[in-house]
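Here is a colleague's note to read alongside the model. Please keep the structure open as you go through the points.

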Amino acid sequence: GLVERPSVFAMEKQDEVCDHMSRAETTSPPVQGDDEVGAGISVKVDKMDIAKPEEDGTRELHHSETKARAPEEDESSSSDESSVDLEEEYREKLRKAKRAARSEIKVSEWGQYNFASLDLDKALGPPANNIERIHCKDVSPEEFVQRFELPAKPCIIRGLLDEWPAYKEGKSKWSFQGLQDRFGDVRLKCGEDDDGYKVKLRLDHFVRYVEEQKDDAPLYIFDADFGDEGKPTIPLLDDFSMPPYFAEDLYSLVGEKRRPPYRWMLLGPKRSGSSMHIDPLATSAWNSIISGRKRWVLFPPGMPKSVVKPKAWMDKPDREAIDWFLLHYKDVKKGLPSHEEPIELEMGAGETIYVPGGWWHTVLNLEDSVAVTQNFCSTTSFPAVWQDSVTGRTKLSRSWLKVLQTTRPDLYTIAQSLAGSGDGRTTAEEELDSIVKDRREKKEKKKAKKRARKDAKKSSRD
């Protein structure tokens, strides 16, 4: 959810498609790439993931196709050739994934800075750890709202994972090897290409890559579809549960297929991460680490983009999280007044971070890490989320408003009070209809101009 990912909404396209959110490295920030808690919201067609029939090496032969068994000495040769073929397949799949995910650099340049030789803890120095930590046994959901949700205050929560099978049995079920044993042939998202299409790798290929890689900023599995109906990985949903503090999920009222992407499984090699971003649609997020360690930096809402994303970093073709942490963060902090100092922290296995909507954040995996994250909308955050949804997911908002009218009339009233200029002259329904109409008219004008240019060009030829 995770607060980690990417791509400002193509509002019109997303509203027209409005199908089940599938993340993106939305999140370079949610709204732009793959976010650690959320990564961003992306509703894009997947050209790199066209399913092909799996070849299990068996099929029934007609009598005319039956061949005599080859001599045993040839079986060894065949086995060697098969091993070579599998090795070539792995190398080629990995090269294709890297080229697609980061076309701005050559595959041979993925380790050009030799960050793999660094001791990250020494290079980064100790974090301020200036974030409040609580245990779930000490704070009730009601108290959590008052202490953290209402003031939009990030915090670390311990104890939430203690009863999760994913955590209790993490060394077997949710380790990289354990996941490979269960779902090795499943292809998961590890990036996006320049056109926004998903880049995927088989899990067994990815696990091998994690074991061998020395890349500066490795590929990072940030998969939003693992829990979808019909996916072979859907049993993973039984291994964790919604933390009680975040049980309210108002987007769920529109249905699983229509809501924006909201839940991600994160498999992050050491040095991978999510670049600086704000999560989409003003949603808040939680991120729970099952294994490994992560380094976080968060800036409060209202911090100028030019501050958290300095020009020197933005001018680089490959703007990765590790580059920001190692080469630009010190400059970012220079000159900031004390009341604007960022939150710095390290979190480890068994901990959960709460990131309120509007907070800038970036994340770096200090170790090979496994985590789950989810974005959500609660009663507390509804006003901000609704306003962003009206413009960011207009058609979805029309459906949401109808459901709220009957299931949450209190929130329906809030939506009405926020319509237009808030003076009561425009209803929420009228505002949404007006936005859809304006976009349709702009689209038609654009088409008309395109036709006119085409006709003019044809006429000049004649």
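1. Let's begin with a small sheet. Strands 9, 14, 11 and 12 form an open sheet of 4 strands in the order 9-14-11-12, with antiparallel pairing. (Two strands pair if DSSP finds at least two bridges between them; strands are DSSP runs of E with at least two residues, helices are runs of H or I with at least four, and both are numbered from the N terminus.) Strand 9 (273–277) and strand 12 (343–348) are at the edges with a single partner strand each, so one side of each has no neighbour in the sheet. On average, neighbouring strands here are turned by 20° against each other, direction ignored.

2. A word on how to read this. The model is predicted, so local features need pLDDT of at least 70 and side-chain atom pairs count only at pLDDT 80 or more, while totals for chains, interfaces and linings use all residues. Residues are numbered from 1 along each chain as its sequence is written, and side-chain values use heavy atoms, with hydrogens and water left out.

3. Follow K294 across the sheet. Strand 11 (residues 293–299) is joined to strand 14 (residues 360–365) by 6 bridges, running antiparallel, and K294 has N365 as its bridge partner in strand 14. Strand 11 is also joined to strand 12 by 6 bridges, again antiparallel; there, the partner of K294 is M347. Of the 6 residues of strand 12, 5 are buried (under 20% relative accessible area, 1.4 Å probe, protein chains only), so strand 12 is largely enclosed by the rest of the structure.

4. Now the other sheet. An open sheet of 7 strands has the order 3-4-13-10-15-8-7 and mixed pairing. Its edge strands are strand 3 (133–135) and strand 7, each pairing on one side only. Strand 7 pairs with strand 8 in the antiparallel sense over 3 bridges, and D223 has M265 as its bridge partner in strand 8.

5. The loop between strand 7 (221–223) and strand 8 (263–268) holds P244. With a relative accessible area of 49%, P244 is partly exposed (from 20% to 50%; exposed is over 50%). P244 and L160 are 84 residues apart in sequence, and their C-alpha atoms are 8.5 Å apart in space.

6. Please look at a helix pair too. Helix 11 (residues 382–392) and helix 12 (residues 394–407) pack at about 135°, with axes 6 Å apart; axes are lines fitted to C-alpha atoms over the stretch in contact, and angles run from 0 to 180 degrees between N-to-C directions. The two helices are therefore oblique to each other (under 35 degrees is roughly parallel, over 145 roughly antiparallel, 65 to 115 roughly perpendicular and the rest oblique). Among the residues in contact (heavy atoms within 4.5 Å) are F382 and W386 of helix 11, and W400 and L404 of helix 12.

7. Two backbone angles deserve a glance. Most residues other than glycine have a negative phi. N114, in the loop between helix 2 (72–101) and helix 3 (120–124), has a positive phi of about 55° although it is not a glycine. N129, in the loop between helix 3 and strand 3, has a positive phi near 50°. Both are partly exposed, N114 at 44% relative accessibility and N129 at 34%.

8. Finally, the whole chain. The chain has 14 helices and 15 strands, and 49% of its 462 residues count as buried.
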